[in-house]
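Grab a pencil and work through these exercises with the model open beside you. Try each task yourself before you read its solution.

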6 protein chains.
Amino acid sequence: MTIIQVINPNTSPAMTETIAQAARSVAAASTQIVAVSPRHGVPSIEGHADEAIAAVGVMDLVKQGKAQGVSGHVIACFGDPGLLAARELASGPVIGIAEAAMHTATLVATRFSIVTTLPRTLIIARHLLQQYGFTHHCAALHAIDLPVLALEDGSGLAQEKVREQCIKAKQRDGSGAIVLGCGGMATLAQQLTQELGLPVIDGVSAAVKMVESLVALGFGTSKHGDLAYPLQKNATGIFEHLN
Amino acid sequence: MTIIQVINPNTSPAMTETIAQAARSVAAASTQIVAVSPRHGVPSIEGHADEAIAAVGVMDLVKQGKAQGVSGHVIACFGDPGLLAARELASGPVIGIAEAAMHTATLVATRFSIVTTLPRTLIIARHLLQQYGFTHHCAALHAIDLPVLALEDGSGLAQEKVREQCIKAKQRDGSGAIVLGCGGMATLAQQLTQELGLPVIDGVSAAVKMVESLVALGFGTSKHGDLAYPLQKNATGIFEHLN
Amino acid sequence: MTIIQVINPNTSPAMTETIAQAARSVAAASTQIVAVSPRHGVPSIEGHADEAIAAVGVMDLVKQGKAQGVSGHVIACFGDPGLLAARELASGPVIGIAEAAMHTATLVATRFSIVTTLPRTLIIARHLLQQYGFTHHCAALHAIDLPVLALEDGSGLAQEKVREQCIKAKQRDGSGAIVLGCGGMATLAQQLTQELGLPVIDGVSAAVKMVESLVALGFGTSKHGDLAYPLQKNATGIFEHLN
Amino acid sequence: MTIIQVINPNTSPAMTETIAQAARSVAAASTQIVAVSPRHGVPSIEGHADEAIAAVGVMDLVKQGKAQGVSGHVIACFGDPGLLAARELASGPVIGIAEAAMHTATLVATRFSIVTTLPRTLIIARHLLQQYGFTHHCAALHAIDLPVLALEDGSGLAQEKVREQCIKAKQRDGSGAIVLGCGGMATLAQQLTQELGLPVIDGVSAAVKMVESLVALGFGTSKHGDLAYPLQKNATGIFEHLN
Amino acid sequence: MTIIQVINPNTSPAMTETIAQAARSVAAASTQIVAVSPRHGVPSIEGHADEAIAAVGVMDLVKQGKAQGVSGHVIACFGDPGLLAARELASGPVIGIAEAAMHTATLVATRFSIVTTLPRTLIIARHLLQQYGFTHHCAALHAIDLPVLALEDGSGLAQEKVREQCIKAKQRDGSGAIVLGCGGMATLAQQLTQELGLPVIDGVSAAVKMVESLVALGFGTSKHGDLAYPLQKNATGIFEHLN
Amino acid sequence: MTIIQVINPNTSPAMTETIAQAARSVAAASTQIVAVSPRHGVPSIEGHADEAIAAVGVMDLVKQGKAQGVSGHVIACFGDPGLLAARELASGPVIGIAEAAMHTATLVATRFSIVTTLPRTLIIARHLLQQYGFTHHCAALHAIDLPVLALEDGSGLAQEKVREQCIKAKQRDGSGAIVLGCGGMATLAQQLTQELGLPVIDGVSAAVKMVESLVALGFGTSKHGDLAYPLQKNATGIFEHLN
């Protein structure tokens, strides 16, 4: 039994549910998805400050997951908050959904587009493209100009805007694939893939398969060198639980 | 049932067997590995000319595999010969083993080293690093300075040299993972991972899991844009079978 | 007497003729142009699969040319199919026309634009820009959205579209030079250069002069290291003639 | 009066003192240095997990500093933890000491070397070089292979190792300047600059001058676009104080 | 007393005055600004040939300034003509205004736009972005399509065009800051910063603060390695004064 | 008749002679080499200040050459001083010898090494590699640590050191070609090519063939856009002759 801890780094239960649903829809029969979200944090992640808060929640959950013996971890926010910190703490693999979606896009197309929420999140995607090596594989980035939680307001407006931006991206960018730039868009990928006739990639499901694969290959996060366990520190105050 | 066509692009049966073994060792229970090699080609691939020949064999086999209804394809030579051509021909996913190993390395470590066969193959790896976006993730490249088929001569010499270069890479490069740069090294990865205490990555097994994952996600190669099926051409002579 | 083998990698005689004409129009008096095309292959090259087929034809012709004692080789398709493979086989210089045109553009202008045929060929140009180091020297890429052989249909439509795209490139891109992205456009360069008042560069003629220059300098392809002759292999079947 | 909040992101008072001393040694007469460290955190920062914890402390202190009306902020840890998050929260300028030292080095030399503490921190420096644009300006990175707090143990061993690495860097790297890669090395810069005869750059003092300069120029952090104040969120639990 | 030699590399007195005014408006009380321009040169700098002429004037003035004991030097033309040559000659710091403005922009925003004069100067800015490492930090470049001296014709037309391009840049580029690409625009920055609500950066004032900072830190130009004083040469003719 | 003006940017007659000899040894029968050096300047070019002085001499000579109706220009100093300025002034092609040698190297090998004079000139080569796009094609740079004029002292010591560095580069760098990094080394290339068995490239001869080729192709420097003739300026004093 492979147990994958899927971490929603924000505190919105509806988002956790969306993410869990996307994760379970692709998990192998022998995989158990444990969807969690931090006790303390922010309800949505739309900037660097939100990400810094979320990173601590991610670390806390990774530590818990490790203690519970999970096989690997998914960080289900498109900025991949706390990814390298989580990798230091984990023994198993840790995959961010931006990372998963971007990697996947380069495997099925020569260039891809990204559709995200607020314009201010574009810089986070740009920095990740650079860090992961995919700056030249990304043809264009688009924002629907609605906040993350608009995806959970039940109106369908944000979903329709995502669809519009995907169609625009297909027509104008010359891209072979589209990456959805928010965990809250996870459940849209399958239908858009059908409608548009090209891979529309949700990072949550992609990350679940990556963790399953790494576990099957016998790989956890390398503990040699840069990502070795953190040196023992006496973290104080609100961080004591991270010791 | 997922059927993965694992293509050894050279004509050496012993190499096909090594590759098949590595592929089967990690395939899911519901995955069938079909290991094939081209009817016409070269017994080993150690340069650009060998690769160009191999690419045609790969295309031929991908066409056959597609006709037989396989789910996806692995190109099991570290230069990923014919990768983009194969993607044009295929409907399912096509993964090269250099691509698979390099992607995998970036998921478990911040930087990786490569150990390959002859020094003249290093340039192929360098070009792939650039194409895939991982130039800055690769700390160093090493060659054992033995030809590919030395891995199949039964003496164990090549295997020992691989081991030595991996140990050297671990000690000197500051890398968290090592990528094995030849399909013929596929069966060494597991033991070296154990011995060295860091992920030593074989691209064959990694590619099999990537194909399984993409199939599970519902993604084939994008047929929108750059990788659409080739335009109908009247290929002549020895290429007629590619029509 | 310098003999330059100008290889049309596709099997269309009209294209071979266009290319030969462009080559002869600039060759030195002491240079003999031998225009050839492969016995087996595809009539036009508009994607990666076409290129992989063409690469084998190029290799075959380079071997023949070398046996006949030619001084150097030009690969007259804008994707430069089989360039590094051909360099391994050759003793003399081998120049691709994309390479020749791009290099030339950087010598007469700070930035250049590319005008090519089908949009799906743009990715090939992008990859070559990256491989040759000219990504930042290229201001924009344009496609006329007509297949290669439209350049040989006698209607003049494709030629007019090339002209339109060149004018557009001059007006909008801020480029000082334009690179024609298809061997079939070779004979248009001179007139467009006159009409537009900036260098419109055909790679065929540029490549011929580069081969002449390298021969005059006493340089063939380096046989030290990466591009040494291929190791002796027992190529089988349809590739036997490449032994 | 310009008030600069110099944030030691770790909880070691000795380190705060070292940093404060370096800051005060270069501050203008009209500048007041307020050296602070987080109530909760880790005693030293030597990896990504430590950085993630420190980033929250930095945010908390930036908010406090802003409420107190400080003119600008320095993040005095070489990984620049929480830099972009802090910029979102701040109205004044926020400068990280890695950023400050790297920028400064490029102003007085064509290439520079970095000397840091533990080898595992090198990856953080590499990522910052890439993010700031200085990958090609850095000739080499060196680690003394001692933890951060060895700089505060009173033995002088770490200081001597820093000196040795600086001498080695001067002799071997061809660099015109050396960047000290830890806030705890701040007070070594002046003497090493004298001894070695080239700029040995401490980021703390450099950052103080950058904040002073930006304040004098009338610039705070841009509130247009990516670094606008965070959207109002209902941060919960241990992050409530960040609302 | 810090004495900063602010060099207008062109021979237009009105431009020298504009630059001096901008420099003095931000200089510390203890800083004396000495604004100079070359005896021989060109009245404006709008291309590479103008820059090459200006570089000699800059060198001459730097030598004079050094002889007079100035603390540092500013090269107040956006192409930073003669920057590295001046650094070889100087003992104190030398800062170009393009360099100063670009560095400053990256400290207060994640991405910036540039507004310059004639389109032909854009390539100079592009080359500097690459040399300084900021290619990926620049979102877009704009030209007002008026010559440099239009900024000194008293009509206000050029100033209005700068304003228009800045507004356009703010609206379309997603940039958090704007860099003014000409020394003649120096006095516009403050008002545009107010009007637009984001940092509009003049390099003259930024450079003055950088020189002040470097002097306060005790750093001149590194004399170890690449920027050591020029080897003694017997410069002849019109360059004799440079010996 | 093609007339190529080969400009030695320094004032040493012996160097002019060496360069002229290299140029004539490869020039076509129909090409006339006019070797010139500036009336005013420095006897050797070993840094940025020397280059800035040399650039003015180059401009002056290019203007003269253009007035005399030469077909094109070669700037025969490895730093390519004044290259873009000269291109603005010229109607014909202008080629720098570093540019020529680097381009040539990439046509005959996948990677190359550079052997130059003083270590302080390496940074100039590095900057040119970046500007021309060849950073990733250069495996290593070496300096013989002797000044330029040691190549003209008749002792043969510098020549022997060049030979030693070339041998070292061949053995250690994995390069297929070596670029000689000084005009004064021009006459060494042919013999070293023979002795070492790989292309040892002198930029003077390479540049002559490039100019001949561009002239034969009908291309001068593009006068559209960035490299258009300089705007009419009233250059004063020692620069009056440049009007």
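## Exercise 1: Two copies

Chain D falls on chain A after a rotation of 180° with 0.0 Å of shift along the axis, and the RMSD is 0.0 Å. Keep in mind that this is a predicted model.

**Task.** Work out how chain D and chain A are related as copies, and through which surface the copies meet.

**Solution.**
- Step 1. Start with the general idea: a rotation about an axis and a shift along it relate two copies of a chain.
- Step 2. Put in the values for chain D on chain A: the rotation is 180° and the shift is 0.0 Å.
- Step 3. The two copies are therefore related as by a two-fold rotation axis.
- Step 4. Now look at the interface. Of the interface residues of chain D, 100% are also interface residues in chain A, so the copies meet through the same surface.

## Exercise 2: Who touches whom?

**Task.** Find how far apart the closest C-alpha atoms of chain C and chain D lie, then do this for the nearest ones of chain A and chain F.

**Solution.**
- Step 1. For chain C and chain D, the closest C-alpha atoms lie 16 Å apart, and no contact joins the two chains.
- Step 2. For chain A and chain F, the nearest C-alpha atoms are 16 Å apart, and these chains do not touch either.

## Exercise 3: Reading a sheet in chain D

**Task.** Write down the strand order of the open sheet in chain D, pick out its edge strands, and say which helices pack on it.

**Solution.**
- Step 1. Four strands make up this open sheet, in the order β6-β5-β7-β8 (chain D), and their pairing is parallel.
- Step 2. Check who has a partner on one side only: that is β6 (138-143) and β8 (200-201) of chain D, the edge strands.
- Step 3. Zoom in on one pair. β5 (residues 112-116) of chain D pairs with β6(D) in the parallel sense over five bridges, and Ser113(D) is found opposite Ala140(D) in β6(D).
- Step 4. Add helix α5 (residues 122-132) of chain D: this helix packs on the sheet, touches β5 and β6 of chain D, and makes about 160° with the direction of β6(D).
- Step 5. Add helix α6 (residues 157-172) of chain D, which lies across β5, β6 and β7 (177-180) of chain D and runs at about 150° to β7(D).

## Exercise 4: Following the crossover in chain C

**Task.** Trace the chain from β5(C) to β6(C): is the β-α-β crossover right-handed or left-handed?

**Solution.**
- Step 1. Strands β5 (residues 112-116) and β6 (residues 138-143) of chain C run parallel and are joined by five bridges.
- Step 2. As a landmark, use Thr116(C), which stands opposite Ala143(C) in β6(C).
- Step 3. From β5(C), the chain passes through helix α5 (residues 122-132) of chain C to reach β6(C), and the crossover is right-handed.

## Exercise 5: Local details

**Task.** Which loop holds Asp145(A), and which one holds Asp80(D)? Then find the ring that the charged end of Lys223(D) sits over.

**Solution.**
- Step 1. Asp145(A) is in the loop between β6 (138-143) and α6 (157-172) of chain A; its phi is positive, near 65°, though the residue is not glycine.
- Step 2. Asp80(D) belongs to the loop between β3 (72-75) and α3 (83-89) of chain D, with a positive phi of about 50°, and Asp80(D) is not a glycine either.
- Step 3. The charged end of Lys223(D) sits over the ring of Tyr229(D), 4.2 Å from the ring's centre.
- Step 4. In chain F, Lys223(F) lies over the face of Tyr229(F), at 4.2 Å from the ring centre.

Key. Residues are numbered from 1 along each chain as its sequence is written. Chains are lettered from A and ligands numbered from 1 in the order in which they are written. This is a predicted model: local features need pLDDT of at least 70, side-chain atom pairs count only at pLDDT 80 or more; totals for chains, interfaces and linings use all residues. Side-chain values use heavy atoms; hydrogens and water are left out. Two strands pair if DSSP finds at least two bridges between them. Helices (H or I, at least four residues) and strands (E, at least two) are DSSP runs, numbered from the N terminus. Contact means heavy atoms within 4.5 Å. Axes are lines fitted to C-alpha atoms, for helices over the stretch in contact, and angles run from 0 to 180 degrees between N-to-C directions. Copies are superposed by least squares on the C-alpha atoms of residues with pLDDT of at least 70 in both. A crossover is right-handed if, with the strands pointing away from the viewer, the path from the first strand over the helix to the second runs clockwise. A charge sits over a ring if NZ of Lys or CZ of Arg is within 6 Å of the ring centre and within 35 degrees of the ring normal.
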